[in-house]
Amino acid sequence: MKFHTRKWVKPEDLNPNGSLFGGKLLAWIDEEAALYSIVQLESPKVVTKFMSEINFMSAAKQGDIIEIGIEVISFGKSSLNLKCEVRNMMTRETIVTIENITMVNLGDDNKPKVHRKTKIEFIDNRLNK
């Protein structure tokens, strides 16, 4: 799994218990999944269709730095299925795992659009085209 994004847990990210608010973390994950999908599918219109069970395993507190990792599970005709892990760089513990996030490529009519991608492409591969 590649960890592309790091976030610093700040006071505004905390819940009343003093740990990272789960809703804030899910927003970060959703954004990361969307950005990853936009780059992979080379399409600016991508939406989240599905997130499987979200398994919170440990907490993060103010001052911790977390990493968000994304891995491609499979390519559909108009979708991309991802797996996510978030880990705490300070404690080395996994904070959350999500086994399946389905992102859908949309056309100008806001309906699913075929993307014709079948494998992960890295930016340097695209620059050589």
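Is T97 buried or exposed in this structure? In this model, which is predicted, T97 has a relative accessible area of 17%, and because buried means under 20% relative accessible area, T97 counts as buried.

The surroundings of T97 can be followed from its place in the fold. T97 belongs to strand β6, which covers residues 94-105. Not counting residues up to four places away in sequence, T97 touches E53, I54, N55, M57, C84 and E85. V86 stands eleven residues from T97 in sequence, and the C-alpha atoms of the two are 6.5 Å apart in space.

V86 in turn leads the reader to the nonpolar interior. With neighbours within four places in sequence left aside, V86 is in contact with L25, I29, I66, E67, I68, T94, I95 and V96. The largest nonpolar core has 24 residues, and those that touch the most other members are L25, I29, I66, L82, C84, V86 and I101. At least two residues of this core come from each of α1, β4, β5 (79-88) and β6, and the largest share, seven residues, is supplied by α1. C84, one of the residues in contact with T97, is thus also named among the core members that touch the most others.

Helix α1, which spans residues 22-41, also holds S37. Where does S37 stand, buried or exposed? S37 is buried, since its relative accessible area is 0%, a value that falls under the 20% limit used for buried residues. A polar atom of the S37 side chain lies 2.8 Å from the backbone oxygen of A33. Leaving aside neighbours within four places in sequence, S37 is in contact with E42, V46, L80, L82 and M103, and L82 is again one of the core residues that touch the most other members.

The same helix can be followed to the largest pocket, which holds about 220 Å³ of space. Which residues lie nearest the centre of this pocket? Of the 16 residues that line the largest pocket, K2, H4, Y36, Q40 and F122 lie nearest its centre. The elements that give two or more residues to this lining are β1 (2-8), α1 and β4 (65-75), and α1 contributes the largest share, five residues. Sorted by class, the lining of the largest pocket consists of nine nonpolar, three polar and four charged residues. Helix α1 therefore gives the largest share both to the nonpolar core and to the lining of the largest pocket, while S37, within that helix, is buried with a relative accessible area of 0%.

Note on methods:
Residues numbered from 1 in each chain as written. Predicted model: local features only at pLDDT ≥ 70, side-chain atom pairs only at ≥ 80, totals over all residues. Heavy atoms only, no water. Helix = DSSP H or I, 4+ residues; strand = E, 2+ residues; numbered from the N terminus. Buried < 20%, exposed > 50% of the residue type's maximum accessible area, 1.4 Å probe, protein only. Polar contact = N/O pair within 3.5 Å; in protein donor to acceptor, adjacent residues only side chain to side chain. Contact = heavy atoms within 4.5 Å. 1 Å grid on protein atoms, 1.4 Å probe; cavity = no way out; pocket = protein on both sides within 12 Å on 5 of 7 lines; lining within 4 Å. Points joined across faces, edges and corners; volume = space filled by probe spheres on them. Nonpolar A, V, L, I, M, F, W, Y, C, P; charged D, E, K, R; others polar. Core = buried A, V, L, I, M, F, W, Y, C linked by side-chain atoms within 4.5 Å.
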